[in-house]
Amino acid sequence: MKKHLFRHLCYAAALTVVFAACVSPKQTVVRSRSAATQQAFFSAFADSLEKGLDQTQYGYSIAIYSGSKLVLNRSAGQRSKEVDRDGAQPFTNDTRIHIASLSKTITSMATLELLEEKGISLSDSIYKYLPVQWNLAPTFKSITFRQLLTHTSGLRHKDGSSKNGDANTYSSLKAMAEREIEPSKTYCYQNANFGFLRLILPVINGLALTGNDAQDDLNTQHAYEELVQQRIFDKSGIADARCEWQPGYALLYDYPYTGRPGFNAGKLTGRAGGLGWYLTANELGRVLSHLSAPSDESILPNNWKDSLLQKGYGSFATETTKGTAYWHDGIWHWSPSGQVPQGMRSLWMKLPYENMTVVLLVNALREQGNTPAFPVAHKSIVTYVVSAFNAAVK
């Protein structure tokens with residue numbers, strides 16, 4: 001019997017750097033250069049990124065923005081293979097794929113935008129926006145919006161561990177809210193933090209809960225999609241974004257490729273918030289370039305953009321040779337019994353050069369010590385992109 005396993009993994013070493021960087025953010029920005037020099041750099045950076053990517057076994061797309069302008073786009077490989085229903089099809093700049101935990105940054109942007117509009121503080125408690133029929137644990141009521149956005153809410157797996165898993169369905173969130181939280185509220189990466197935002201944001205935006213769990217589950221799913229479409233995607237010129245796989249979207253594979261048909265992540269509206277969106281690299285870059293364009297305050301004012309990045313609201317930080325870079329990565333996979341996992345890896349990163357945002361989407365992953373990883377040997381996806389930047393910016 002096949003067993004599905006979904007989870008997001010963060011690298012411990014990377015997170016150590018994250019919190020050191022977030023405590024005292026410090027960024028050195030490379031000074032503006034001529035247009036020709038800029039373009040030469042962007043090309044060199046993309047060349048360095050592509051150098052380690054295997055165009056024969058999986059598909060990928062790269063989008064590089066400077067401020068709000070797309071300056072470079074590359075793609076290669078396949079979104080589906082000969083053994084799949086559509087046969088061998090190329091992975092192009094227009095190929096959508098599940099972006100996994102990069103959805104957290106999008107949800108963070110929507111959260112900050114909505115809270116500012118409604119005059120709600122990040123220090124406010126979240127419980128008042130949840131269904132009144134839920135039997136909330138007393139300590140759960142102390143959780144704030146800031147703590148959800150930074151994974152410091154005290155939420156844990158039902159066995160009390162830091163296991164993440166896919167604990168962000170309506171029923172699992174309800175059960176989590178009825179348990180006592182971890183009192184010290186130390187950092188613990190949990191999809192559930194952003195799953196709660198999927199339920200809460202529609203209520204803040206005016207959705208009336210019915211008191212029927214099944215109906216409220218469906219209503220908040222649809223309202224979350226509509227809210228993010230209107231407040232984030234419409235303002236980025238992106239139509240009909242989905243939390244459900246559609247024909248023509250990328251399938252996901254193992255690496256090295258074993259010949260198995262690819263799988264799709266399916267319908268994720270009931271788990272969305274910390275995951276779920278399907279986008280192209282261009283579309284994702286268009287959204288996240290709002291964080292890098294000082295002149296564009298159509299979604300968030302500049303002070304909120306700075307807060308999102310520097311305080312780690314749906315983002316992390318690491319160092320490059322030129323200063324601080326901000327990022328979030330994503331992973332999604334399934335592991336049929338006795339077989340290596342199939343899945344994807346994704347990353348966005350704001351780099352300290354010309355207000356630059358890079359997006360890298362790959363529709364495969366490799367197994368490393370029984371752990372799904374980036375399909376480039378001896379590199380995490382974060383380290384890989386930082387190394388390519390450092391090499392190109394010399």
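This report describes aromatic pairs, charges over rings, cysteines and one helix packing in a predicted model.

Residues are numbered from 1 along each chain as its sequence is written, and side-chain values use heavy atoms, with hydrogens and water left out. Because the model is predicted, local features need pLDDT of at least 70 and side-chain atom pairs count only at pLDDT 80 or more, whereas totals for chains, interfaces and linings use all residues.

**Aromatic pairs**

Rings of Phe, Tyr and Trp (its six-membered ring) are paired if their centres lie within 6.5 Å, and planes under 30 degrees apart count as stacked, over 60 as edge-to-face and the rest as tilted. Across the whole structure, the search finds 19 aromatic pairs, two of which are set out below.

| Pair | Distance of centres | Angle of planes | Class |
|---|---|---|---|
| Phe45 and Phe389 | 6.2 Å | 85 degrees | edge-to-face |
| Tyr249 and Tyr278 | 5.4 Å | 35 degrees | tilted |

The pair of Phe45 and Phe389 links distant parts of the chain, with Phe45 in helix α2 (residues 35–51) and Phe389 in helix α10 (residues 381–393), 344 residues apart; helices (H or I, at least four residues) and strands (E, at least two) are DSSP runs, numbered from the N terminus. Phe45 and Phe389 are both buried, where buried means under 20% relative accessible area, exposed over 50% and partly exposed in between, with a 1.4 Å probe and protein chains only. Ring pairs also join Phe45 and Phe389 with Phe41, Phe42 and Tyr353 into a cluster.

The pair of Tyr249 and Tyr278 likewise links distant parts of the chain, 29 residues apart, with Tyr249 in the loop between α7 (213–233) and β6 (253–255) and Tyr278 in strand β7 (residues 278–279). Tyr249 is buried at a relative accessible area of 9%, and Tyr278 is buried at 0%.

**Charge over rings**

A charge sits over a ring if NZ of Lys or CZ of Arg is within 6 Å of the ring centre and within 35 degrees of the ring normal. The charged end of Lys81 sits over the ring of Tyr253, 5.1 Å from its centre, and Lys81 also lies over the face of Tyr257, at 4.7 Å from the ring centre.

**Cysteines**

With a disulfide taken as a pair of cysteine sulfur atoms within 2.5 Å, the count comes to zero. Cys188 is buried, with a relative accessible area of 5%, and Cys243 is buried at 0%.

**Helix packing**

The axes of helix α3 (residues 103–118) and helix α8 (residues 281–288) come within 11 Å and cross at roughly 35 degrees, the axes being lines fitted to C-alpha atoms over the stretch in contact, with angles from 0 to 180 degrees between N-to-C directions. Thr105, Ile106 and Met109 in α3 meet Leu284, Val287 and Leu288 in α8, contact meaning heavy atoms within 4.5 Å.
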